[in-house]
Amino acid sequence: MGDEGFLTTAEVARRLGVKAETVYAYASRGLLTSVKRPGRRGSLFAAEEVDRLAGRGREPGVVEGIRTRLTRFDGDEVSFRGERVTDLAGEWSYESVAHFLWTGELAERPAFPESAELAGLVRSATGALPATARLTDHLRVAVAVLGAADPLRFDLAPEAVRPAAERLIGVLADALPGGSARGTLGARLWPKLTSRPPEPEILDAALVLLADHGLAVSTVAARVAASARANVYAVVSAGLGAMDGHYHGGASTLAYRFLAEARENPVDALSERLRSAGSIPGFGHRIYQRRDPRADALLALLPENPVVDLLLDQLAGRTDLFPNTDLALAAMMHAFDMRPDAGEAIFAVARIAGWVAHALEEYGEPGLRFRVLN
């Protein structure tokens with residue numbers, strides 16, 4: 001028997017909004033039934049039983065009603081359709097992983113399509129933006145323009161959505177302000193972020209690692225839009241809107257600023273953050289308990305950073321304050337002199353693959369299923 005209909009401990013904890021230890025406490029009290037499967041570590045729990053527990057004493061929520069086969073959390077590991085994300089990042093391009101998320105087929109894929117005409121159309125619109133506009137501002141305008149330019153955008157069949165998404169992502173990368181390049185998405189995005197010599201394999205790995213992360217707030221927004229049968233451009237716009245905040249897409253910018261402060265005196269910067277905010281940008285995570293595997297994978301690809309190393313030494317006794325992907329993105333930005341908003345742009349472009357995958361799932365569900373009030 002497969003694992004369909006069952007959740008890992010990490011997924012149960014996230015759905016219930018509790019720690020993993022609390023999930024085991026529920027099991028010991030008979031509120032949940034744990035299941036062991038031969039050949040795999042950890043416990044599994046029936047999703048229906050978890051949903052019943054989640055719904056006690058309150059109206060059913062949006063997240064509790066979502067079933068996805070895309071991303072799973074098992075302890076401090078995360079996988080796309082059963083493949084560990086850290087393995088995919090080392091072996092496959094973003095284009096291949098996006099197609100894998102959309103279809104379940106893992107194979108070499110060509111670069112996303114180029115369109116000089118569409119890129120020019122986007123630049124004519126974004127050219128009116130002020131100099132203070134961030135790259136994510138350009139992305140939001142670009143998505144709206146590309147949607148308006150696609151007369152067949154309301155075709156929600158997978159055979160229509162997938163090529164539209166490929167074209168959308170490719171044009172977004174090409175139309176952003178900055179230099180131009182050909183190749184993988186990482187190669188095309190690199191000159192938009194920095195004038196340093198290209199190392200696109202690192203950026204490609206970052207894009208894969210960030211392509212999806214389960215039911216994050218932006219993904220829920222994208223799925224709710226898809227439940228209303230919004231087209232793929234509107235779905236991506238919903239995701240971009242939800243990620244435009246310091247709790248989500250903007251977290252890498254906060255980590256970038258913190259690392260800039262820490263260059264002068266890491267210990268003082270750490271002390272000031274603990275005193276004034278009680279938290280450290282780029283450290284800890286709501287889902288992972290002791291490590292963020294995506295951050296570990298990306299940091300391993302970067303040049304040595306003495307500031308990061310010193311911060312890790314200072315926080316070695318705090319098992320809850322481990323580096324997350326926001327810190328890894330910030331470290332990459334500093335290592336390659338990327339523009340200060342590069343992390344947000346990388347996150348946004350990467351996550352489009354996941355939003356589209358979730359939209360394709362949601363199109364197969366009953367429409368408007370998240371409406372709970374008349």
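The following conversation looks at aromatic pairs and a small set of strands in a predicted model.

Student: How many aromatic pairs are there?

Tutor: The count comes to four aromatic pairs. One of them joins Phe73 and Tyr288, whose ring centres are 6.2 Å apart. The angle between their planes is 70°, and the pair is edge-to-face.

Student: Where do Phe73 and Tyr288 lie in the chain?

Tutor: Phe73 belongs to strand 4, which covers residues 71-74. Tyr288 is in the loop between helix 14 (266-276) and helix 15 (293-299). The pair therefore ties together parts that are 215 residues apart in sequence.

Student: Are Phe73 and Tyr288 buried or exposed?

Tutor: Phe73 is buried, and Tyr288 is buried as well.

Student: What about Tyr94 and Phe112, and why is that pair called edge-to-face?

Tutor: Their planes stand at 85°, and an angle over 60 degrees counts as edge-to-face. The ring centres of Tyr94 and Phe112 are 6.2 Å apart, which is within the 6.5 Å limit for a pair.

Student: Which parts of the chain does that pair of Tyr94 and Phe112 tie together?

Tutor: Tyr94 is in helix 5 (residues 94-103), while Phe112 is in the loop between helix 5 and helix 6 (116-126). The parts tied together are 18 residues apart in sequence.

Student: And is Tyr94 buried or exposed?

Tutor: Tyr94 has 0% relative accessibility, so it counts as buried. Phe112 is also buried, with a relative accessible area of 4%.

Student: Which residues form a cluster with Tyr94?

Tutor: Trp102 and Phe112 form one aromatic cluster with Tyr94.

Student: Changing topic, how are the strands of the sheet ordered?

Tutor: Three strands make up an open sheet in the order 4-5-6, with antiparallel pairing. Strands of a sheet pair through backbone hydrogen bonds.

Student: Which strands are at the edges?

Tutor: Strand 4 and strand 6 (83-84) are the edge strands, since each pairs on one side only. Strand 5 and strand 6 run antiparallel and are joined by two bridges.

Student: Where is Ser79, and what is its bridge partner in strand 6?

Tutor: Ser79 is located in strand 5 (residues 77-80). Its bridge partner in strand 6 is Arg84.

Student: Is Ser79 buried or exposed?

Tutor: Ser79 counts as buried because its relative accessibility is 13%, and the cut-off for buried is under 20%.

Student: What is Ser79 in contact with?

Tutor: Leaving aside neighbours within four places in sequence, Ser79 is in contact with Leu70, Thr71, Arg72, Arg84 and Val85. Arg84 is thus both a contact and the bridge partner of Ser79.

How values were computed. Residues numbered from 1 in each chain as written. Predicted model: local features only at pLDDT ≥ 70, side-chain atom pairs only at ≥ 80, totals over all residues. Heavy atoms only, no water. Phe/Tyr/Trp six-rings, centres within 6.5 Å; stacked < 30°, edge-to-face > 60°. Helix = DSSP H or I, 4+ residues; strand = E, 2+ residues; numbered from the N terminus. Buried < 20%, exposed > 50% of the residue type's maximum accessible area, 1.4 Å probe, protein only. Contact = heavy atoms within 4.5 Å. Pairing = 2+ DSSP bridges.
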